[in-house]
Amino acid sequence: MGLVISYIILGIYSVALLLIFFYSLAQLNLLVNYLGYKRRNRDAPKFNLLDPREIPYVTIQLPVYNEEYVMQRLLENIAKIEYPKSKLEIQVLDDSTDDSVVDTAKWVRELQETGLDIQHIRRENRQGFKAGALKEGLEVAKGEFVAIFDADFLPDNDWLKKTVVYFKDPEIGVVQTRWGHINRDYSTLTRIQAFALDAHFTLEQVGRNAKGHFINFNGTAGIWRKQCILDAGNWEGDTLTEDLDLSYRAQLKNWKFKYLEDVETPAELPVVISAARSQQFRWNKGGAENFRKSVMRVVSAKNISFKTKFHGVMHLLNSSMFLCVFLVSLLSIPALYIKALYPQFAIVFALLSFFVLSTVILFVCYWFTYKSIQGSSFDNFVDYIKLFFTFFSVALGFSLHNSIAVLEGHMGKRSEFVRTPKFNLNNLTDSWKGNKYLTKKLSPNMILEAALMLYFLFGMYSAIPLNDFGLFPFHLMLFVGFGFVFFKSLTARA
């Protein structure tokens, strides 16, 4: 019986490691694409905005919901966008249910008095959540192109001039820009979030876009051709990541996406772990929902190459990697004892040790993305090593939380769109305490995360009597990661 269970454990363990390895190979291929793209001339046809006949009409949509702390900052910033007023309208798509509505209406009226075409659009209900608000705004939008900014984004004054020009190519349906981080150095939590997002916005977005593979509009800091949205079937609210959903439907209809790594759009990162939890849950569950919704369309599409299909499937499976990571973590301790009890599995463990290469590949890939933003000096490399292993540990600590999100997504369990609270913290001394939008409830997952912290402490201890320290660093990172998530969740509440 024990041998049968061992076979089952090692089977699941091996498959999860193999999937993680395939994911790392896909990332390595994206790195090759990224480095090749950086060396190429990337000229493209552009609108001449000095010629009034070529200036297109643009609508800026600002989907907001209970954003008391950042609404004034958002509106003041958007009002500074440099673009002919006769060719620009702004829609404040306000689904708020709190007193912020009153202040927003006042600020919108003040901006209207300056001659700005800005409208405060309210709905009777939040049907479809953000997707529903965007869709309703689109029905009355005057612009040929539609830029979208979440409440915590602060585009530069010349943002439209840098982006809308690329739509001279009639095949381009979306122009997406890279997110910046105005509070990157606020805490360990913000630094690791910035680290992960930088990897996505350099390695993944450039690496896919460089070879014509599918990328995604990131929900904000991008601009759509209105015709593209309508042709792809418009916004739909049946997943938690409506941006990824519409992106795939548009690209399956042969629309091209243009990604601008050199155009940075600053934004604010969540500074409290409860806010990061809700954001991670939404992104990861939404990714799994989109896998269910779109993977067969991608696989069966006649108009895209095999390699684009491969990267599309891996992209849709991105969030599911957390489930693989969690399974590998959970089964690593039983595997340690199986290795000691059953010498006949020695060859299996020798082969499985090869998959440590996955970590090496990711270490190399993330270094290239890190140095593209932070620089490649020796000091930066030392900082990178520390940040990489900190990020790796905390990502492991989130693996239970995110795996639950992924499972819910794959099983089709519906849930409400939970927005990420914003803070408007301008410096390191500002405090998030007192933010009325923060949840005061303890996550029920915390008990399991505390148990897992102790479980991996036991894994570290197990190395001593078994005299096998091969997995000790891995179990140490798991212990630190789950401990970080647990204690931050316990203490960081409003």
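Which strand holds Asp94? In this predicted model, Asp94 lies in strand 2, residues 88-94. Its relative accessibility is 0%, under the 20% limit, so Asp94 counts as buried. Beyond its neighbours within four places in sequence, Asp94 touches Val64, Val101 and Thr104. Asp94 also contacts a run made up of His120, Ile121, Arg122 and Arg123.

**Strands 4 to 7**

Strand 6 covers residues 222-225. It pairs with strand 4 (residues 145-148) through 4 bridges, in the antiparallel sense. Within that pairing, Phe145 sits opposite Arg225 of strand 6. Strand 6 is also joined to strand 5 (residues 172-181), again antiparallel, by 3 bridges. Here Gln176 has Gly222 as its bridge partner, and Val175 stands opposite Ile223.

Which residues of strand 6 point the same way as Gly222? Trp224 does, while Ile223 and Arg225 point the other way. Side chains in a regular strand alternate between the two faces of the sheet. In strand 6, the residues on both sides are buried, Arg225 included.

Strand 5 is mostly covered too, with 10 of its 10 residues buried. Besides strand 6, strand 5 pairs with strand 7 (residues 256-267). That pairing is parallel and runs over 9 bridges. In it, His181 stands opposite Ala267 of strand 7.

**Nonpolar cores**

The largest nonpolar core contains 124 residues. Ile60, Leu160, Ile223, Trp224 and Tyr366 have the most contacts inside it. Helix 1 (residues 2-38) supplies the largest share of this core, 13 residues. A second core, separate from it, has 11 residues, among them Phe214, Tyr248, Ala301 and Leu316.

Ile223 and Trp224 tie this picture back to strand 6, where they point in opposite directions. Tyr366 has its own set of partners. Leaving aside neighbours within four places in sequence, Tyr366 is in contact with Tyr23, Gln27, Phe195, Ala199 and Leu203. Tyr384, Phe388 and Phe391 complete its contacts.

**Salt bridges**

How many salt bridges does a search of the whole structure find? The total is 24. Three of them are set out here.

| Pair | Closest N to O distance |
|---|---|
| Asp150 and Lys130 | 2.9 Å |
| Asp158 and Lys162 | 3.6 Å |
| Lys339 and Asp468 | 3.1 Å |

The bridge between Asp150 and Lys130 links distant parts of the chain, 20 residues apart. Asp150 is in the loop between strand 4 and helix 5 (159-163). Lys130 belongs to helix 4 (residues 129-140). With a relative accessible area of 12%, Lys130 falls under the 20% limit and is therefore buried.

The Lys339 and Asp468 pair also connects distant parts of the chain, 129 residues apart. Lys339 is in helix 11 (residues 321-341). Asp468 is in the loop between helix 16 (445-466) and helix 17 (472-491). Is each partner buried or partly exposed? Lys339 is partly exposed because its relative accessibility is 39%. Asp468 is buried because its relative accessible area is 16%.

In the remaining tabulated pair, Asp158 counts as partly exposed at 25% relative accessibility. Lys162 is likewise partly exposed, at 35%.

Salt bridges also form a network. It links Glu236, Asp238, Asp245, Arg249 and Lys293.

Key
Residues numbered from 1 in each chain as written. Predicted model: local features only at pLDDT ≥ 70, side-chain atom pairs only at ≥ 80, totals over all residues. Heavy atoms only, no water. Buried < 20%, exposed > 50% of the residue type's maximum accessible area, 1.4 Å probe, protein only. Helix = DSSP H or I, 4+ residues; strand = E, 2+ residues; numbered from the N terminus. Pairing = 2+ DSSP bridges. Contact = heavy atoms within 4.5 Å. Core = buried A, V, L, I, M, F, W, Y, C linked by side-chain atoms within 4.5 Å. Salt bridge = Lys/Arg side-chain N within 4 Å of Asp/Glu carboxyl O.
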